[in-house]
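Trainee: I am new to this structure. Please take a close look at a single part for me, the interface of one pair of chains, and explain the terms as you go.

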Number of protein chains: 6
Amino acid sequence: MATVKLIHYEDASPEVAAVYDDIKRTRNVPDVNNFWKTLAHNPALLKRTWEDLREVMAPGALDGLTKELIYIAVSVANGCEYCIHSHTANARAKGMTEEQYRELLAIIAMASQTNALANALQTPVDPKFNVEAG
Amino acid sequence: MATVKLIHYEDASPEVAAVYDDIKRTRNVPDVNNFWKTLAHNPALLKRTWEDLREVMAPGALDGLTKELIYIAVSVANGCEYCIHSHTANARAKGMTEEQYRELLAIIAMASQTNALANALQTPVDPKFNVEAG
Amino acid sequence: MATVKLIHYEDASPEVAAVYDDIKRTRNVPDVNNFWKTLAHNPALLKRTWEDLREVMAPGALDGLTKELIYIAVSVANGCEYCIHSHTANARAKGMTEEQYRELLAIIAMASQTNALANALQTPVDPKFNVEAG
Amino acid sequence: MATVKLIHYEDASPEVAAVYDDIKRTRNVPDVNNFWKTLAHNPALLKRTWEDLREVMAPGALDGLTKELIYIAVSVANGCEYCIHSHTANARAKGMTEEQYRELLAIIAMASQTNALANALQTPVDPKFNVEAG
Amino acid sequence: MATVKLIHYEDASPEVAAVYDDIKRTRNVPDVNNFWKTLAHNPALLKRTWEDLREVMAPGALDGLTKELIYIAVSVANGCEYCIHSHTANARAKGMTEEQYRELLAIIAMASQTNALANALQTPVDPKFNVEAG
Amino acid sequence: MATVKLIHYEDASPEVAAVYDDIKRTRNVPDVNNFWKTLAHNPALLKRTWEDLREVMAPGALDGLTKELIYIAVSVANGCEYCIHSHTANARAKGMTEEQYRELLAIIAMASQTNALANALQTPVDPKFNVEAG
């Protein structure tokens, strides 16, 4: 249940419809996800978010699948239900194997655990991590 | 400043020293990081955490560097200063290029932003993400 | 689905009913929200929370709407679904325009992004922010 | 202690220096904050973040000070030390009074408390908050 | 709605069924919770998580109920809906009284509030907390 | 480094000094912690927070030490450095043994890990957890 009504394609302003069209074309899908339909109440933010996302998630020094795995990891740590679902689906669409998903979950679990331990113990950062030194 | 005194190698019990030795051998380093020196107050947890970490972070379906990038992402989202420093250093030691680091930061920033937007809008999960269906 | 049964007005103890009456009178509503109906299992906490909330959210140096916007921002960052819904509704009831809501979302997204970047980079705090100095 | 070396003005590439110049001109300051000096390792992200921030934080339907208060609230909930310091300073520079700061802190404390309670109790969202209904 | 199909007992591999059997025996329940049915996609992680959990949550220097209260507290702060429900149920099964639950909620609320205040004010840690000193 | 100057006893207003006196008397300490010295900029919030804290943390259905352990758990999950230090010190002052501290850390680590897994897998809540049923 969203805090705003979803803006469907047929009700979209020309500005919003143009972004929807670009998403559909780029991703080769018949309709955009609910995320965009809620974000569309702020057309400028919709446009900027889509354009930034398209650029950031395009394969570069990191391949597209690795980027999705990182995205899932952040979304889990932030507890964003919607993002976990959509990016897990994206990762699968980009070829994530079951074995890779298993390892992803194990890393997220391990990091969450050591994050909590280092915070609880307030472990001091080792001086050797100082990049300004030497 | 930690909540416990660091346990240095020369003060370690045989049980703790055995884990320190394994860490030093596995990573080929002259001393273990502060994280282990604080965790050593609970020798069972030290041993289990190290053994799990060694297994989880070993190259598998995902390579070692990709695993470190995911680890950094979780640590940033959880705000663990120590973990951010140690795993950024690990990633560099495993060959992370400046360009890869740049892209990692851009993905973390992008995910944090869309996580917040999806949470703020309480965007409903698209029915197509249901893996039990079909 | 709550961890406790909702305590409805007709089942409330006199102590709880007195708080419900004060909420209904103050807010001019026919019934209290579910939040209070779950909190009522701890009558002392119910009373204290309501009285503190009433005082904190009353217009002062900051007007009532600004206070609701700040409340939404905290709730989004903490990922509290219930609080996001109830305070978005409160903000609308206090006159939040669609344009203000758009800007609120954009700020929350921007802050989440730069929070993540500053954490990832562990940017050192500028000395000029030191209020004890000069 | 940052994960990267700070890039000072005199060492900046023309692309980075152009952003620094724009920040200095817009904010009328002799030098940019450390945040930008760490972000400058990714010139594209530096440029995009600055341009988005400048646009998002400009007075609009919400005034500049209200925007800073919202920014502080998000930064506190996300536990970003750097962001808390820089935006508290920004808010003061934009005229935040001590009384407004007091109220801001009280709202953040209150919201954090009720966020935790609603999460702990898993309070169900009231049907009346459904914006798609009637 | 999970990101994976639940693996029910009748569909479980021998490796997974063995863990399910141990959970059912240890807890004296007719079936395992959904958590294990989703985790079972990674049999090694399933086994390790169950064995660690069984050991960590067994009565020791802290009794079993106290351990569940601490578990709930972490789960609330991390916003894990599933964990809040399952560990609140566990605590009740281990004898948590309504009065204890009331106090638990009050502590969680109080800690969340002072956490936010100390973060907002960036209160410096008192030197007397230094365990390495004197 | 705080966002406000610390208000020391000798500079405190009568209203603030009265709270400081009550803290010193109740805890039998020569001076109040820095937390109160930063909070004192909002005398009403200082008074309310202290009085609530004193009441919430007093032994009741849960003993004083158990309450401190829960407080630490929340503070670790929220990443509040100050609160972790002050409540770990409080727990020690109330008799926390090294063995209890070890178990506390193990529970926090375990909960953080399963929280992340349940969130990542979006495990559906078991119907049996429904307290309104039956």
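Mentor: Let's start with a term: a polar contact is a pair of N or O atoms within 3.5 Å, where within protein one must be able to donate a hydrogen and the other to accept it, and residues adjacent in sequence count only if both atoms are side-chain atoms. This is a predicted model, in which local features need pLDDT of at least 70 and side-chain atom pairs count only at pLDDT 80 or more, while totals for chains, interfaces and linings use all residues. Residues are numbered from 1 along each chain as its sequence is written, chains are lettered from A and ligands numbered from 1 in the order in which they are written, and side-chain values use heavy atoms, leaving out hydrogens and water.

Now to chain D and chain C. Contact (heavy atoms within 4.5 Å) links 63 residues of chain D with 63 residues of chain C. Together the two chains bury about 5,800 Å² (accessible area, 1.4 Å probe, lost on being put together and summed over both parts), and 68% of that is on carbon and sulfur atoms. On chain D, the residues that lose the most area to chain C are D:Ile107, D:Leu121 and D:Phe129, which together make up 11% of what that side buries.

Charged pairs appear here too. There are two salt bridges across this interface, a salt bridge being a side-chain nitrogen of Lys or Arg within 4 Å of a carboxyl oxygen of Asp or Glu. D:Glu103 pairs with C:Lys67 in a salt bridge, with 3.2 Å between the closest N and O atoms. Polar contacts join 26 residue pairs between chain D and chain C, both residues being at pLDDT 80 or more.

Which helices of chain D supply at least two residues each to the side that touches chain C? They are α2 (34–39), α3 (43–57), α4 (64–77), α5 (81–93) and α6 (98–121), where helices are DSSP runs (H or I, at least four residues) numbered from the N terminus. The largest share, 17 residues, comes from α6(D). Sorted by class, this side of chain D has 36 nonpolar, 19 polar and eight charged residues; Ala, Val, Leu, Ile, Met, Phe, Trp, Tyr, Cys and Pro count as nonpolar, Asp, Glu, Lys and Arg as charged, and the others, Gly among them, as polar.

It helps to set chain A and chain B beside this. Here 63 residues of chain A are in contact with 63 residues of chain B, and the buried area is about 5,800 Å², with 69% given by carbon and sulfur atoms. A:Ile107, A:Leu121 and A:Phe129 supply 11% of what chain A buries against chain B, more than any other three residues. This pair of chains has two salt bridges; A:Glu103 forms a salt bridge with B:Lys67, with the closest N and O atoms 3.2 Å apart. Polar contacts join 25 residue pairs, both at pLDDT 80 or more. Two or more residues of the side of chain A come from each of α2 (34–39), α3 (43–57), α4 (64–77), α5 (81–93) and α6 (98–121), and α6(A) gives the most, with 17 residues. That side holds 36 nonpolar, 19 polar and eight charged residues.

Finally, a look across the whole structure: there are 54 salt bridges over all chains. One of them links E:Asp52 and B:Arg48, at 3.7 Å from N to O. Since E:Asp52 lies in α3 (residues 43–57) of chain E and B:Arg48 in α3 (residues 43–57) of chain B, this pair joins two chains.
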